[in-house]
Amino acid sequence: MELNSRKRLSSQSLQSVSDDSNNIITPEEDEDNLTTLETILTLEEGIAAHRSGKKDIAWKCFEIHATLGDPLAIYWKAYYYLKGYYTTPSTPNTNEAIKHFKQAADANVPEAQYYYANALEKAKKPGNLFLEYFTKAADNDNVLAQRELGRIYYYGLNGVEKNEEKGIEYLKLAALKNNQNAINDLKTINPKLLVVLSADDKKSVEI
């Protein structure tokens with residue numbers, strides 16, 4: 001009786017092993033599955049996709065890298081929310097854009113600092129927080145922020161104390177980077193203002 005019981009158990013165990021073996025993935029099958037996985041682009045490849053007009057591919061890339069905490073990817077995600085490129089048809093989402101711009105700005109991304117400052121300035125909230133972010137962007141060599149700060153200080157815009165000298169200095173920084181708006185601003189202020197092209201260049205140009 002005991003012997004028959006053992007035989008039945010042994011038979012059941014073998015059957016179980018046989019059934020389980022049908023679910024085992026062989027190395028060859030595993031390799032086939034890997035080939036079907038979607039390739040994750042680098043952030044640089046995502047930016048290249050954006051510049052070539054492949055916005056759906058770029059958006060997926062920015063989403064992945066933003067989730068991983070990459071500040072530049074977070075900036076690009078914010079930009080796509082701002083422009084509405086994240087969906088078809090394009091539907092801008094300003095609230096999400098501002099939220100992501102702030103996150104990237106606080107991680108020291110100059111472009112994000114500029115866009116976030118712009119949002120704060122347009123919102124006309126009390127205080128000069130917008131000025132703080134414009135200054136951060138300008139100090140990080142963002143030409144658009146340099147030009148904007150130049151105008152703000154020279155004309156005393158948005159409640160900021162007027163400082164013509166400081167305004168001209170910021171406008172010069174932007175003009176040296178060939179920002180045409182800054183060059184036009186300086187022409188309007190004083191046609192005889194000179195901008196030194198570079199520290200090593202002894203010549204100046206009249207603008």
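These legends go with a set of close-up views of one predicted model.

**Figure 1. The whole chain: 11 helices and two strands.** Start here to get your bearings in this predicted model. Reading from the N terminus, the elements go α-α-α-α-α-α-α-α-α-α-α-β-β. Of the 207 residues in the protein, 32% are buried. The exposed surface comes to about 13500 Å², with carbon and sulfur atoms supplying 50% of it. Now for the contacts: take those between residues at least 6 apart in sequence, and 34% of them join residues at least 24 apart.

**Figure 2. Helix α3 against helix α4.** Here α3 packs on α4 (residues 55-67) at an angle of about 150°, and the two axes are 8 Å apart. That angle is why α3 counts as roughly antiparallel to α4. The crossing of this pair is left-handed. On the α3 side, look for L43, G46, I47, A49 and H50; on the α4 side, they meet K55, I57, A58, C61, F62 and H65. Sorted by class, the residues of this contact come out as seven nonpolar, three polar and one charged.

**Figure 3. A closer look at H65 in helix α4.** Is H65 buried or exposed? H65 has a relative accessibility of 15%, so this histidine counts as buried. What does H65 touch, once its neighbours within four places in sequence are left aside? The list is I40, L41, T42, L43, D70 and A73. One of these, L43, also belongs to the α3 side of the contact between α3 and α4.

**Figure 4. Helix α3 again, this time with helix α5.** Swing over to where α3 (residues 43-51) packs with α5 (residues 71-83). The angle is about 25° and the axes sit 11 Å apart. These two helices are therefore roughly parallel to each other. As α3 passes α5, the crossing is left-handed. From α3 come L43, I47 and H50, and they meet L72, A73, W76, Y79 and Y80 of α5. This contact has seven nonpolar residues, one polar residue and no charged ones. L43, I47 and H50 are also among the α3 residues that meet α4.

**Figure 5. The loop after α5, with a cis peptide bond at T88 and P89.** Follow the chain into the loop between α5 and α6 (94-105), where P89 lies. The bond that joins T88 to P89 is cis, with omega at about -5°.

**Figure 6. Q113, a residue of helix α7.** The helix in this view spans residues 110-123. With a relative accessibility of just 1%, Q113 counts as buried, because the cut-off for that class is under 20%. Skipping residues up to four places away in sequence, Q113 touches A105, N108, Y133, K136, A137 and N140. You can also find Y75 in this view: Q113 and Y75 are 38 residues apart along the chain, and their C-alpha atoms are separated by 9.5 Å.

**Figure 7. Two asparagines with positive phi, N108 and N158.** Where is N108 placed? N108 is in the loop between α6 and α7, and its phi is near 75°. At 47% relative accessibility, N108 counts as partly exposed. N108 is also one of the residues that Q113 touches. As for N158, its place is the loop between α9 and α10 (164-176). There the phi value is near 55°, again positive in a residue other than glycine. With 36% relative accessibility, N158 counts as partly exposed.

**Figure 8. Helix α8 crossing helix α9.** The axes of α8 (residues 129-139) and α9 (residues 143-155) come within 8 Å and cross at roughly 135°. α8 and α9 are therefore oblique to each other. Their crossing is left-handed. To trace the contact, pick out F130, L131, F134, T135, A137 and A138 on α8, then A145, Q146, E148, L149, I152 and Y153 on α9. By class, the contact has nine nonpolar, two polar and one charged residues. A137, on the α8 side here, is also touched by Q113.

**Figure 9. L193, in the loop between α11 (180-189) and β1 (194-196).** Which class does L193 fall into, buried or exposed? Its relative accessible area is 14%, so L193 is buried. Look for I183 as well: L193 and I183 are 10 residues apart in sequence, and 9.9 Å apart in space, C-alpha to C-alpha.

Technical notes: Residues numbered from 1 in each chain as written. Predicted model: local features only at pLDDT ≥ 70, side-chain atom pairs only at ≥ 80, totals over all residues. Heavy atoms only, no water. Axes fitted to C-alpha atoms, helices over the stretch in contact; angles between N-to-C directions. Helix = DSSP H or I, 4+ residues; strand = E, 2+ residues; numbered from the N terminus. Parallel < 35°, antiparallel > 145°, perpendicular 65-115°, else oblique. Left-handed = near helix turned anticlockwise from the far one by under 90°. Contact = heavy atoms within 4.5 Å. Nonpolar A, V, L, I, M, F, W, Y, C, P; charged D, E, K, R; others polar. Buried < 20%, exposed > 50% of the residue type's maximum accessible area, 1.4 Å probe, protein only. Areas by Shrake-Rupley, 256 points an atom, 1.4 Å probe, with all protein chains shown as cover.
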